[in-house]
Structure formats: C-alpha cells, structure tokens
Amino acid sequence: MEKIIVRGGKQLNGTVKVEGAKNAVLPVIAATLLASDGKTILNDVPALSDVFTISEVLRYLNAKVEINGNEVVVDASQELKTDAPFEYVRKMRASVLVMGPLLARNGKASVALPGGCAIGSRPIDQHLKGFEAMGAKVQVGNGFIEAHVDGRLKGAKIYLDFPSVGATENIMMAAALADGTTTLENCAKEPEIVDLANFINAMGGKIRGAGTGTMRIEGVPTLYGAQHTIIPDRIEAGTFMVAAAITGGNVLVRGAVMEHLSSLVAKMEEMGVTITEEGDGLRIIGPEKLTPVDIKTMPHPGFPTDMQSQMMSLLLQASGTGMITETVFENRFMHVEEFRRMNADIKIEGRSVIINGPSKLQGAEVAATDLRAAAALILAGLVAEGYTRVTELKHLDRGYVNFHGKLLALGADIERVNDEAVKPEVSKVTDMNV
Ligand SMILES: CC(=O)N[C@H]1[C@@H](OP(=O)(O)OP(=O)(O)OC[C@H]2O[C@@H](n3ccc(=O)[nH]c3=O)[C@H](O)[C@@H]2O)O[C@H](CO)[C@@H](O)[C@@H]1O
Ligand SMILES: C=C(OP(=O)(O)O)C(=O)O
C-alpha cells in the first residue's frame, strides 16, 4: 500500500511553485471538444490523475490528445462520439462537463449518471435545467442522462438556483455554439469560470460578464482550436500557505494570486499569519501563536469549500475555540474522524465543526477520505508528535503534483513509500469513488 509518512516538528522555509489549476484545466479540456476546426494547445497543464482521466474520455470520444509534459495538444476536428460511459464518470465527476460541448456540437449527448460521492450527493439538476431551457430534451434512464436537440440549441435566459460551478461551465460551453444569446443569471464567479470564458473567447466565442453574477453568451456557428495557458491553482497555493503557517515557517508561494485568494488571506491574517505580495506570489510567515476564527464556506468570493479541511488543520493549532460551517456540500466532514485519531479535540454539530485548540496532535495511521482531506491530514502530520502515515493517496494524486516532494524541498521530514513496492501508475486510472 502506498503511504506518505511524515514526522512532525520541522519548520518550513523556502520557495514553492504551484501548478496550473485542476479545476480550471478540467473544464478547459472538455471545452476543446467545441473546436471543430484546428488544434488547441494548452500550457501549464498539471500532471494529475484527473487530467489523465479527462484525456482518456476525450480519446474515447474520438479526439486526439497528446500530453507532452505540461503541454496538452487536442485535435477534436473529426466526427465525435456522443456518449461518456460510467467507467469514466465514476472515476471523475468532472467527466459530466463533456455533456455541454457534445450537445452543442452534435445535437446529442449521453453521459452516465455520476451518483453520489464522499463529500455529498452532488446532483446535476441545474446543468440539465440549462440544457432544457436551450431546447434540449433530457431523459434519465438506465443509469444514463440522454439529451438531444433537433437542429441547434437556442440561446435562452437561465437562472441558476445556486451558483453551481459545474452547471455554469456546462451551460457556458453549450451556449457558446447555440443559436442566439444566452443570459445566465446567478452564475458562479470563480476564477476558473473566468479562465474558461477566456479560453472559449480565444476559440472565437463571445462571452461577456465572466466573474460576475450574470453572463451573456452570444452563440457563434463555429469555434476554432486556440492556444491557452491555465491559471495557477489557488487551492494548491492555499494548501502551501497553510503548510507555512502551521509550522511557523516563512515560505514564498509562487503563483499564489492575491485576488483569487482574498477570503483565505483575510482568515489567515485574522489568525495572526503575515501575508505579503512578493514577485509572482505571496510570502507567508507563520506566527508564534495562532488566534482561532470562525469560517463559513460559500461560493466565490466567499471562503472556498476546497480549503475547508486544510484550515481545520490550522485551527487545530490555534489557542482557543474556532468553528467551521460547511454550506456548499452537505457531507464534507469525513476527515474529522481521522483528525480525532490524531488526538484532535474536535466535534461535529450539524453542518458545523467546533475545534478546541491547540490540540497536541499525535502521529497515527490515517486514511484520506477525499482529495483535500488527504492534504489536510498531511498538514496535521507536519506538527504532530511522531510519525503520521497517510493512506488512500489516489485522492491526493487527483489534485496535487508531487505534494510530498514539494514539502520535502521546504524542509519537511516526509517520504512517500510503497509497502508492496509496486510502481505507482498515475496515468492508469482506478475507481476514485468521488
Ligand atoms: C472540477 C471542479 O471544478 N470541482 C469543483 C466544483 O465542483 P462542482 O462543479 O461539482 O460544484 P458545484 O458548484 O456544482 O456544487 C456546489 C453545490 O451545489 C450542488 N448542486 C450542483 C449542481 C446542481 O446541478 N445541483 C446542485 O444541487 C452540489 O450538490 C453542491 O452541494 O466546485 C466545487 C464548489 O466550489 C468545488 O468544491 C470543486 O472542487
Ligand atoms: C472536490 C474537489 O474536486 P472534484 O469536484 O473534482 O471532486 C476538489 O478539488 O476539492
């Protein structure tokens, strides 16, 4: 079994550089399917298992995908298939993002129902509501969602009940090739939405208002392959910011963009962490004593749910009682039990977690329950007494490139081992149960 073994007590110092954003690159790769003419070249693509999975989905659909280091070249100019089978969707929920492009380009799409996952039930009703408003007939049966439209999708006025990131992306992609203009209200405002809009516009699309609560998407008849550089990963950046702070260290996180991270920066500063812009990143200096805070996860620009578990690690070290309320996903506290195994004084009350710090954490064998929980347990291990062994690393590999290697370079006492001495095959995708 693969494990990361970390021995707590080392202060982190130095510089770390973040990769391109997982949550930006996945929709952008799905959007490459919109280009019926020319090749797309993507730069700063992180070497994550999720990127390999979505590339496999595209290849299954008949697109040509070449991965050369951090560059990905996609040629989707040929006739495409229209179905995304369960074997892909269960490995990675973001596979549902091919639905919008396929429907817009081919007039039909059939995607396996994603089902629930470790952090919540995650329905896709808002995606489907958008497609229906654009004239698609949607049917759910035999574990598949099938959508088809006679002729082309039609621009429509769509109001999302919740600013869902995935629904916003799927609808943007579908609307980009629709007949007429789509107005999308109460849409998501995440930086990854802006990156997707910039990419679609580089392909010849006409999207305005990305990053605000209302977007106007004027459909065009054809989109073309384009070159695009993926934005830096704000969640990877935030994770290293917490690593620096929790160890009382001094780390320059290159690629951390202040305007993408304002809610996290505000909360970390409230906790006593010093954060300054420097060059292309943020310098983080951990204080001697951390002050507890209350945090509530919200859609952007609110506090990101994808930083919730890492901030729980930091709050475990604060002097006093802090609280985290999760409002985005109904079940994103699976890591709490694992923290308890490390002697954390922490309890769940409904949708909130009460954290009494500072906990004298003890090393233990703990299992990652999802991607961010994996990172959070490793962060806790950086300050726990003795050795922490974190298993279920398939979750970590979905979203972090060489996480232990980057921490090692900053001075952590950490290694990744394989008890069975079987070489890890990141590109060979296994069931992630996400
Ligand atoms: C690949 C990717 O970008 N993943 C991110 C994306 O996930 P994802 O796009 O799945 O997240 P959404 O914003 O869609 O989901 C947020 C909430 O809305 C609910 N919902 C969503 C769609 C829908 O049709 N109906 C519905 O009820 C979900 O169950 C969830 O409770 O945004 C999340 C929220 O910032 C992040 O945690 C994920 O890392
Ligand atoms: C929940 C996450 O991702 P996904 O939506 O791909 O499961 C995440 O990145 O933390």
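The following paragraphs go through a few residues of this predicted model, beginning with two positions taken from a database record.

In an unreviewed entry, UniProt lists Lys22 and Asn23 under "binding site". Lysine 22 belongs to helix α1, which covers residues 22-31, and asparagine 23 is found in helix α1 as well. Lysine 22 has a relative accessible area of 7% and is therefore buried, the limit being under 20%. Asparagine 23, with a relative accessible area of 26%, is partly exposed. Leaving aside neighbours within four places in sequence, lysine 22 is in contact with Pro46, Leu48, Asp50, Asp233, Leu371, Arg372, Arg398 and Gly399. With the same neighbours left aside, the contacts of asparagine 23 are Glu169, Glu192 and Asp306.

Arginine 93 sits in a loop, with α3 (86-89) on one side and α4 (99-106) on the other. What is the nearest side chain of opposite charge to arginine 93? That side chain is aspartate 125, 9.0 Å away, and arginine 93 has no salt bridge although the residue is buried. A salt bridge would need a side-chain nitrogen within 4 Å of a carboxyl oxygen. The side chain of arginine 93 does reach a backbone atom: the oxygen of arginine 122, at 2.7 Å.

The last residue described here is asparagine 418, which lies in strand β26 (residues 413-418). Its relative accessibility is 21%, so asparagine 418 counts as partly exposed. Methionine 1 is 417 residues from asparagine 418 in sequence, yet the C-alpha atoms of the two residues are 5.5 Å apart in space.

Terms used:
Residues are numbered from 1 along each chain as its sequence is written. Chains are lettered from A and ligands numbered from 1 in the order in which they are written. This is a predicted model: local features need pLDDT of at least 70, side-chain atom pairs count only at pLDDT 80 or more; totals for chains, interfaces and linings use all residues. Side-chain values use heavy atoms; hydrogens and water are left out. Helices (H or I, at least four residues) and strands (E, at least two) are DSSP runs, numbered from the N terminus. Buried means under 20% relative accessible area, exposed over 50%, partly exposed in between (1.4 Å probe, protein chains only). Lys and Arg count as positive and Asp and Glu as negative; His and the chain ends are not counted. A polar contact is a pair of N or O atoms within 3.5 Å; within protein, one must be able to donate a hydrogen and the other to accept it, and residues adjacent in sequence count only if both atoms are side-chain atoms. UniProt positions are given in the numbering used here, feature names are shortened, and annotations may be inferred rather than shown by experiment. Contact means heavy atoms within 4.5 Å.
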